[in-house]
Amino acid sequence: MSRPSPLGQYPASANLASLQEKMANTHLRDLFAEDSHRFDKYSLEAAGLFLDYSKHLIDDEVMADLVKMAEQAGLPAAIKAQFSGEKINNTENRAVLHSALRNFGDDPVMVDGQDVMPMIRETRERMKSLTESIHSGEWKGHTGKTIRHVVNIGIGGSYLGLKTAINAMTPYHKEGLDHHYVANIDPNELSEVLRKVDAETTLFIVASKSFSTLETLQNAQAARRWMLEQGCAEGDIRKHFVAISTNLTAIDQFGIAQENTLPLWDWVGGRYSLWSSIGLMISLVVGYDNFERLLKGAWEMDKHFQQAPLPRNMPVILGMLGVWYQNYFGAESHAVISYDHFLRDLPGHLQQVDMESNGKRVRNDGSTVDYQTGAVIWGGTGTNDQHAYHQLLHQGTRLIPVDFIAPATTHNPIEDQHPWLFANALAQSQAMMQGKTQEEVRDELTAAGMSADKVEQLAAHKVIPGNRPNSMIVPEKITPETAGALIALYEQKVFVQGVLWQVNSFDQWGVELGKVLGNRVFDRIKATEEVTDQDSSTNGLIQRFKHFN
Ligand code: F6P
């Protein structure tokens, strides 16, 4: 654990720091023993998601002070600013309105004096008709055949979120249309996909907010060349390519027909864009109606976020708890473990949503923070992970708060497998909370007939300290609505934390340097002469690469 780094700029912080000392010496077991209503007190339901946060190192005083701190940070006004289209992305002078994309209300949402809702509705209509023309077979490839494969070419926010949503909605997939993804510039990925599809029945969606991302443009050009090599005439390329971007000129230069282009706007951040036309792939795979259900689930969460008082507000609670552990206990990371195979992509998407948003070292005003910001987000799926890294969660030296996500029902019941799955989720949550004391270990080993010497030898190894905080998120089932609510929950949690840390959660300047250096290194790799103008490590590694190429 790193040293705690309290948010001293808020008056409530001093009391939180002393409460942390008290809580660090309190065991969750005792908190449960003292209060039989703990579960009722620290749980709530919103937008089809149930959250149990009773297994956290909190009491009423901690929660009240966290809420005070959120108020002192101006969270209520910040929430209003987000939804009303204020330019809260101050380094890019942009509004942040992914919420408008999933808004089905009648009120206008204004950006620079313009209501953006009509163009959002119009784009939804275009997504719907494009989806229907593919599903009905009206859209034909260059030899007159119906589209059977859709390939999304995009990376980061133009890939992770839509894939997460698509896999979350696996039971809703339409028959007869296979979905594929090409994100990496690694040619292995594109080659694997091209081996599985055939040119006559494949539609490529080039998804890129900027339409300048190296990986996406290289893959799109390669896919275009492949189509031509497979016998598609230049004039028929439009039958196999759709593009989504804010950069309509670049799409035009690429050669994708205007009628096959869907717009995007600069007030949609890449990692928040699955709700926009970037979600076309979702609509194609699950049908437009289910895409709209996903949006509506997210809209429900947004309404809850805007309307619920801070102490009963799910994204606010999760955001504040994260800050509690990162800044007052010195936790470094946060795990998200879902007990649902269909949510297997969620941690990857949340890594971008959280770490690209809040991995920041200066405040909005440019001053350097003197506290930790974004946590390292990681995770996977239960029960697989129980047989991999849970050992470290239970007996390792680090404090790693965990979110367990466990739907109460399954789309695919097989005997008792789902009850077993859910039981495992609960058992992990319980084990992290209560652990196993030295006394319990000794009694257990002695009762098993072990000699006193052996008991002494083994006892320390078998003790599980417990007191490891965790949340349990329980939707009734993963439906389009609950999947939408879940993703929106995490987006807004990240927003809450950005407000508390006073950082701009909506820019990502840190990724630029790597892109610039990538261009320079690429030039040196392609140069015929020996490279000597970089640092010795880069020079040496370039020479090694050249040796084999
Ligand atoms: O390099 C980071 C990033 O800009 C992400 O923020 C974004 O989601 C991703 O690249 C892809 O960008 P684009 O959609 O413009 O291709």
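A pocket here is an open set of grid points, on a 1 Å grid over the protein atoms alone, with protein on both sides within 12 Å along at least five of seven lines, and its lining residues have an atom within 4 Å of a point. With that in hand, let's tour this predicted model.

The largest pocket is lined by 49 residues, and Ile155, Ser210, Thr213, Glu215 and Lys515 lie nearest its centre. Helices H9 (187-196), H10 (214-229), H15 (346-358) and H21 (512-526) are the elements that each give two or more residues to this lining.

What sits in the largest pocket? The ligand does. Around the ligand are 14 residues, of which Gly157, Ser158, Ser208, Ser210 and Thr213 come nearest. By class, this shell holds 2 nonpolar, 9 polar and 3 charged residues. Turning to polar contacts, a backbone N or O atom of Lys209 is 2.7 Å from a ligand oxygen. Side-chain N or O atoms also take part: one in Gln352 lies 3.1 Å from an oxygen of the ligand, and one in Lys515 is 3.1 Å from a ligand oxygen. The ligand exposes 390 Å² when taken alone, and the protein buries 87% of that area.

The second largest pocket is lined by 19 residues, with Asp340, His341, Thr410, His418 and Leu421 nearest its centre. Helix H17 (residues 417-434) gives the most to that lining, contributing 3 residues.

Here are the two pockets together:

| Pocket | Volume | Lining by class |
|---|---|---|
| Largest pocket | about 1200 Å³ | 16 nonpolar, 21 polar, 12 charged residues |
| Second largest pocket | about 380 Å³ | 6 nonpolar, 11 polar, 2 charged residues |

Note on methods: Residues are numbered from 1 along each chain as its sequence is written. This is a predicted model: local features need pLDDT of at least 70, side-chain atom pairs count only at pLDDT 80 or more; totals for chains, interfaces and linings use all residues. Side-chain values use heavy atoms; hydrogens and water are left out. A residue is near a molecule or strand if one of its heavy atoms lies within 4 Å of it. A polar contact is a pair of N or O atoms within 3.5 Å; within protein, one must be able to donate a hydrogen and the other to accept it, and residues adjacent in sequence count only if both atoms are side-chain atoms. Accessible areas come from the Shrake-Rupley method with a 1.4 Å probe; for residues, only the protein chains shown count as cover. On a 1 Å grid over the protein atoms alone, a cavity is a set of points where a 1.4 Å probe fits but cannot get out, and a pocket is an open set with protein on both sides within 12 Å along at least five of seven lines; lining residues have an atom within 4 Å of a point. A molecule sits in a cavity or pocket if more than half of its atoms lie within 2 Å of its grid points. Ala, Val, Leu, Ile, Met, Phe, Trp, Tyr, Cys and Pro count as nonpolar, Asp, Glu, Lys and Arg as charged, and the others, Gly among them, as polar. Grid points are joined across faces, edges and corners, and a volume is the space filled by probe spheres set on the points. Helices (H or I, at least four residues) and strands (E, at least two) are DSSP runs, numbered from the N terminus.
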